[in-house]
Amino acid sequence: MKALSQRRRHPLAAVALLLLGLLVTGGLYAVAGNVNEAKAQTTNFSAQDIEEGEKLFVANCATCHGIGAVGAPQGAHGNQAGPALIGVGAAAVDFQVGTGRMPMQMSGPQAQAKPNQFSEEQTMQLAAYVASLGAGPAIPEEDLLDVAKGDPAAGGEIFRVNCAMCHNASAAGGALTRGKFAPALAGVSEAHIYEAMATGPQNMPVFSDANISPEEKRDVIAFLKTIEEQGSPGGFSLGSLGPVSEGLLMWTAGLGIVIAFTIWLTQRSS
Amino acid sequence: MSASTDTYVPKTRVGRITNFVDTRVGGSSIVKEFGRKIFPDHWSFMFGEVALYSFVILLLSGTFLTFFFDPSMAETHYDGVYVPLKGVEMSVAYQSTLDISFEIRGGLFMRQLHHWSALMFVASVSFHMLRVFFTGAFRRPRELNWVVGCVLLILALAAGFTGYSLPDDLLSGNGLRIIDGVIKGIPLVGTYISLLLFGGEFPGTDIVGRLYVLHILLVPALILLMIAVHLFMVVVHKHTQYPGPGRSESNVVGFPIGPVYAAKAGGFFFVVFGILAVIAANFQILAIWDYGPYDPSPVSAGTQPDWYIGWVDGALRLMPGVGEFVIFGRTISLNVLLPALAPAGLLFTLMFAWPWIERWVTKDHREHHILDRPRNAPFRTGIGVAGIVFYSVMWAAASSDLIATHFHVSLNDVTYWLRALFFLGPILGFIVTRRICLALQRKDREIALHGRETGRIVRLPHGEFIEVHEPLNDYKLYRLVNFESPEVLPAQPNKAGHIKRSEKLRGSLSRFFFEDRVAPVTRAELEAAHSHHAEVEAPAEKAEVSGR
């Protein structure tokens with residue numbers, strides 16, 4: 001102990017301290033990162049899937065994402081036709097291709113959902129190829145998508161804190177800047193909701209397993225599916241858009257019907 | 001003293017009971033006085049009634065809700081039937097609103113009826129005020145009743161806002177947070193007012209209880225009082241009427257209250273009730289279970305106030321993030337205070353003061369019981385439309401995010417456009433509206449002088465072709481020619497012979513308002529036109545007086 005205190009003013013003491021700090025931080029980060037990646041790759045794809053996937057990728061995706069999915073070169077303003085896909089994982093492919101967002105129909109603020117361009121098998125092959133390029137989030141197992149096992153009330157709280165600011169508290173969607181938007185979540189499959197949280201497509205942030213655990217993600221899915229299935233207890237929901245659509249109904253149909261009655265009531269005279 | 005009452009002996013039992021009551025409370029004189037009040041008939045006159053009926057429905061449905069609502073912000077864990085909220089921590093107020101919605105028989109219907117009626121109440125008040133403004137019904141002797149109406153509008157907004165905040169759901173909490181921000185933006189005293197109002201740091205545990213007292217006691221009491229004053233003045237002033245044959249400044253043409261209007265109005269109450277009940281039974285409003293309990297951390301996308309507060313929210317959304325500066329170590333946050341108060345202040349000041357502004361500019365101190373058709377007062381109609389545009393731009397801004405998502409445009413572009421329209425819209429609205437009014441007046445003048453074009457071309461014996469014009473009947477003609485058109489009144493010197501600066505301003509305003517005008521058709525012009533159709537085409541054009 002005495003030796004340590006005597007050397008505290010040694011010229012290299014600061015350097016040693018810094019090294020120690022870096023080692024601890026880096027070590028902790030590596031451990032934390034591994035926690036996330038521990039669940040990253042669970043599905044095993046066959047070599048044939050990967051091979052077929054590569055063919056599909058070269059034919060359909062490489063125009064923007066580059067051969068080998070290394071990404072297109074950056075333009076003058078930092079624009080890029082397509083980002084590198086190494087390490088995005090099978091989940092990202094299953095979401096983007098499975099919802100029809102990829103291949104992209106046209107350039108724009110963000111890729112829009114449309115009818116699928118690939119069959120389920122082809123999507124799986126593409127996912128296999130991209131997953132083979134680097135570790136990333138995997139397609140979730142059935143168990144994590146089982147709504148019956150989730151707690152909708154807990155999911156609702158997670159949803160309101162993490163998701164509602166973009167997707168709206170009743171999951172009706174909302175606007176983002178410059179033409180970007182968070183879509184409505186009704187009709188989105190369980191797997192795609194999970195994958196969106198895990199991979200953060202378009203402008204969505206990634207909710208890693210350390211942030212929202214797989215079980216909590218299942219709760220969120222359970223919440224979304226519950227409110228989707230229950231419908232609107234009070235009658236027509238008017239798009240679940242809140243006071244704007246309610247005010248619109250009052251000023252159009254509400255006042256319109258009242259005006260019709262006032263005209264009818266005062267019709268005979270004057 | 002009792003000789004007159006004793007001599008009348010009723011023959012039937014009903015007659016005896018009626019007579020008994022009448023001789024003690026004097027009902028027949030009240031019926032005689034009010035039952036013979038004459039009201040003119042026009043559909044646009046009925047929106048005050050709609051507002052009154054919506055208010056009655058609000059009282060009825062609101063009373064039902066108070067039986068079950070608990071305005072406490074104590075913490076509890078939900079244990080009701082709504083699964084997606086089971087076990088969630090929430091306030092008692094929110095829980096009791098959920099119970100009203102899901103567990104009390106008819107509760108959801110009553111909640112929705114109450115909310116829809118509130119929307120209808122403010123909408124019909126607004127519509128009623130617009131009718132009064134555009135027809136000039138606020139002129140002498142009704143200026144004070146106009147002011148009472150403006151106060152009623154503000155009270156209606158207050159009632160709506162305090163009610164909106166009661167369920168303590170996420171949406172209402174977000175709304176309260178904005179109010180808290182605006183209050184805190186007041187220089188020097190803002191923080192203290194906020195602490196007082198919320199009983200501590202936002203959101204505290206007091207605000208729902210306090211708003212509840214305001215919502216169910218103070219504000220409705222004030223509204224009732226103002227309605228009483230409002231209706232009393234209507235009785236004193238008598239109702240206005242649209243111009244027409246036989247209608248003058250000294251009479252009212254229409255039906256008496258008893259029995260015609262009593263029956264119509266009574267029936268109309270049930271019509272309004274029915275419409276609102278159908279809407280409440282079929283359309284969901286404020287799905288508080290979707291929003292979840294209030295928690296200061298989450299803010300949902302698509303958070304808007306009810307439509308009548310929307311314009312203030314829109315002004316906040318339009319304000320660029322400038323105007324915050326530090327003086328003597330204190331932050332002055334005009335970027336919140338300015339949009340929240342300035343447009344509302346401007347609009348309400350102009351609204352309250354308009355009867356006096358118009359009287360000052362026109363120097364017209366006469367009583368008016370005959371209404372203007374909006375086209376016959378182009379300056380006023382223009383100003384009114386400018387106000388509507390100003391309001392609507394802010395109103396639209398409150399739903400800028402929904403405009404962006406539903407029309408697939410950029411949210412930023414929507415904001416930029418609305419910012420430009422905030423300044424340009426009212427000006428354009430005024431110019432375009434006044435031009436349209438003048439054009440309609442010219443069209444009226446044409447029709448009054450030459451009749452309606454029939455489209456029938458006739459060839460005369462000497463070869464000339466003419467189109468046959470069909471003259472109007474006297475009723476229609478009267479409507480087109482019987483109106484007043486104020487002329488420019490230049491600045492007048494006072495008794496000392498000076499033209500004061502305020503008088504100069506009045507003179508230039510008068511020129512601005514009335515320079516372009518279309519004169520009413522005179523009797524001479526009319527007779528000339530009817531006897532000599534073809535020749536008067538040209539002179540009639542000259543008869544249009546221009547202030548230039």
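**Exercise 1. Val229(B) and its surroundings**

Classify Val229(B) as buried, partly exposed or exposed, then find its helix and its surface patch.

*Solution.*
Step 1. This is a predicted model, and the relative accessible area of Val229(B) is 31%.
Step 2. Buried means under 20%, and exposed means over 50%.
Step 3. Val229(B) is therefore partly exposed.
Step 4. Find the helix. Val229(B) sits in helix 10 of chain B, which covers residues 207–237.
Step 5. Find the patch. Val229(B) helps to make a nonpolar surface patch of about 640 Å². Its other members are Val213(B), Leu214(B), Ile216(B), Leu217(B), Leu218(B), Leu222(B) and Leu225(B).

**Exercise 2. Helices 14, 15 and 17 of chain B**

Decide how helix 15 of chain B is oriented relative to helix 17 and to helix 14.

*Solution.*
Step 1. Start with helix 15 (residues 378–397) and helix 17 (residues 411–450) of chain B. They pack at an angle of about 150°, and their axes are 8 Å apart.
Step 2. Apply the cut-off: angles over 145 degrees count as roughly antiparallel. Helix 15 and helix 17 of chain B are therefore roughly antiparallel to each other.
Step 3. Add the handedness. The crossing of helix 15 and helix 17 of chain B is right-handed.
Step 4. Turn to helix 14 (residues 334–362) of chain B. Its axis and that of helix 15 come within 11 Å and cross at roughly 170°.
Step 5. Use the cut-off again. Helix 14 and helix 15 of chain B are therefore roughly antiparallel as well.
Step 6. Here the handedness is left-handed, for helix 14 of chain B passing helix 15 of chain B.

**Exercise 3. A salt bridge between two helices**

Find the salt bridge partner of Glu358(B) and state whether each residue is buried or exposed.

*Solution.*
Step 1. Glu358(B) forms a salt bridge with Arg380(B). The closest N and O atoms are 2.8 Å apart.
Step 2. Place the two residues. Glu358(B) is in helix 14 of chain B and Arg380(B) is in helix 15 of chain B, 22 residues apart.
Step 3. Check the burial. Glu358(B) has 7% relative accessibility, so it counts as buried. Arg380(B) has 1%, so it counts as buried too.
Step 4. Widen the view. Glu358(B) and Arg380(B) belong to a salt-bridge network with Arg139(B) and Asp372(B).
Step 5. Set this against the whole structure, where a search finds 25 salt bridges over all chains.

**Exercise 4. Glu503(B) and its two partners**

Name the salt bridge partners of Glu503(B) and say where they lie.

*Solution.*
Step 1. One partner is Lys363(B), at 3.7 Å from N to O.
Step 2. Lys363(B) lies in the loop between helix 14 and helix 15 of chain B, and Glu503(B) in helix 19 (residues 501–514), so this pair ties together parts that are 140 residues apart in sequence.
Step 3. Arg506(B) is another partner, with the closest N and O atoms 3.0 Å apart.
Step 4. Glu503(B) and Arg506(B) both lie in helix 19 of chain B. They are three residues apart, about one turn of the helix.
Step 5. Sort the residues by exposure. Lys363(B) is partly exposed at 37%. Glu503(B) is buried at 12%. Arg506(B) is buried at 0%.

**Exercise 5. Backbone exceptions**

Locate two cis peptide bonds and two residues with positive phi that are not glycines.

*Solution.*
Step 1. In chain A, the bond from Met102(A) to Pro103(A) is cis, with omega near 0°. Pro103(A) is in the loop between helix 5 (89–98) and helix 6 (120–133).
Step 2. In chain B, a cis peptide bond joins Phe202(B) and Pro203(B), with omega about -5°. Pro203(B) is in the loop between helix 9 (190–198) and helix 10 of chain B.
Step 3. Asn168(A) has a positive phi of about 80°. It lies in the loop between helix 8 (164–167) and strand 1 (174–175) of chain A.
Step 4. His408(B) has a positive phi of about 50°. It is found in the loop between helix 16 (400–406) and helix 17 of chain B.
Step 5. Contrast their surroundings. Asn168(A) is buried at 3% relative accessible area, whereas His408(B) is exposed at 62%.

Note on methods. Residues numbered from 1 in each chain as written. Chains lettered and ligands numbered in written order. Predicted model: local features only at pLDDT ≥ 70, side-chain atom pairs only at ≥ 80, totals over all residues. Heavy atoms only, no water. Patch = residues over 30% accessible without salt bridge, like charges linked within 9 Å, V, L, I, M, F, W, Y side chains within 5 Å. Areas by Shrake-Rupley, 256 points an atom, 1.4 Å probe, with all protein chains shown as cover. Salt bridge = Lys/Arg side-chain N within 4 Å of Asp/Glu carboxyl O. Helix = DSSP H or I, 4+ residues; strand = E, 2+ residues; numbered from the N terminus. Buried < 20%, exposed > 50% of the residue type's maximum accessible area, 1.4 Å probe, protein only. Axes fitted to C-alpha atoms, helices over the stretch in contact; angles between N-to-C directions. Parallel < 35°, antiparallel > 145°, perpendicular 65-115°, else oblique. Left-handed = near helix turned anticlockwise from the far one by under 90°.
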